[in-house]
Amino acid sequence: MDESIAKFNLKDLRGRDARLLQEWIELDTLCSKRKAKAADPFAPSISYIIRRKNAMGLPVEYEIWYRVKSIVGVKDTPAPREPIYGYLHKMRIVLPNNYPAADGNPLFTFITDIWHPNVRSAGSFKGHVCLTIKEMGVMASLKDLVLRVERYLTYQYYHAKNTPPYPEDQNVAEWVREEAEPNGWTRFNQDREEPKPAQVQSTPQTENTEPPKIKVRRI
């Protein structure tokens with residue numbers, strides 16, 4: 001556990017600060033359990049960096065590092081365009097001042113390229129993650145949402161149909177429907193191909209337990 005967590009006592013906090021500490025403890029526990037073994041740098045992992053704290057010293061902005069095989073783009077060729085894979089993905093989480101109120105949902109934004117129908121791939125809102133959960137700060141913990149995004153990365157969860165709640169990125173959704181699904185490219189998480197060492201970067205914290213095997217479910 002992060003040693004700086006120990007200086008706080010959950011019983012001494014109320015309201016938002018209590019929630020921020022609880023979220024920090026849960027996220028830190030998750031990442032501690034999911035730390036990759038040094039001997040196996042390719043093992044899937046989740047880790048975090050605290051980018052900003054409030055006046056109490058509690059995190060209000062995180063950077064999450066996922067080490068997992070995922071699609072980061074497509075090849076510039078005539079259709080069907082084959083996917084391009086990456087193995088390290090970084091996402092920012094910002095907790096607004098009114099979090100965890102119903103209108104204070106956390107903001108999830110990838111700062112590395114991701115190719116997924118629930119993530120904006122281009123434009124001024126590039127990287128924005130649509131989690132398709134109303135009132136996220138009330139209905140789900142940060143830990144649960146971080147795990148949900150991991151399932152996005154492995155395409156265990158995705159919504160590509162042009163129906164409510166609608167894909168965040170229509171271009172990616174069209175590629176999924178018309179090119180990826182017919183060629184089986186959304187099932188890449190079922191293989192065990194290892195990345196080349198040159199594609200792997202060091203992370204501040206890494207993990208060692210593979211995520212639970214979950215059947216593909218479109219949302």
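1. A quick word on terms first: contact here means heavy atoms within 4.5 Å. Please also keep in mind that this is a predicted model.

2. With that in hand, let's start at H116. Setting aside neighbours within four places in sequence, H116 is in contact with Y152, Y155, Y157, Y158, D169 and V172. The residue itself sits in a loop, the one between β6 (107-110) and α2 (136-139).

3. Is H116 buried or exposed? Its relative accessibility is 1%, so H116 counts as buried; the cut-off for buried is under 20%. For the side chain of H116, one polar atom lies 3.2 Å from the backbone oxygen of Y152, and Y152 is also among the contacts of H116.

4. Now to the strands. β2 (residues 59-67) and β5 (residues 89-94) run antiparallel and are joined by six bridges. One pairing you can look up in the model is E63 with its bridge partner R92 in β5.

5. β5 is also joined to β6, again with the strands running antiparallel, by four bridges. Here M91 has F110 of β6 as its bridge partner.

6. I64 deserves a look too. This residue belongs to strand β2, and because its relative accessibility is 0%, I64 counts as buried. Not counting residues up to four places away in sequence, I64 touches L27, I46, S47, Y48, H89, K90, M91, I93 and V146. M91, then, is a contact of I64 as well as the bridge partner of F110.

7. One last distance for your viewer: I64 and I46 are 18 residues apart along the chain, and their C-alpha atoms are separated by 7.0 Å.

Methods: Residues numbered from 1 in each chain as written. Predicted model: local features only at pLDDT ≥ 70, side-chain atom pairs only at ≥ 80, totals over all residues. Heavy atoms only, no water. Helix = DSSP H or I, 4+ residues; strand = E, 2+ residues; numbered from the N terminus. Buried < 20%, exposed > 50% of the residue type's maximum accessible area, 1.4 Å probe, protein only. Polar contact = N/O pair within 3.5 Å; in protein donor to acceptor, adjacent residues only side chain to side chain. Pairing = 2+ DSSP bridges.
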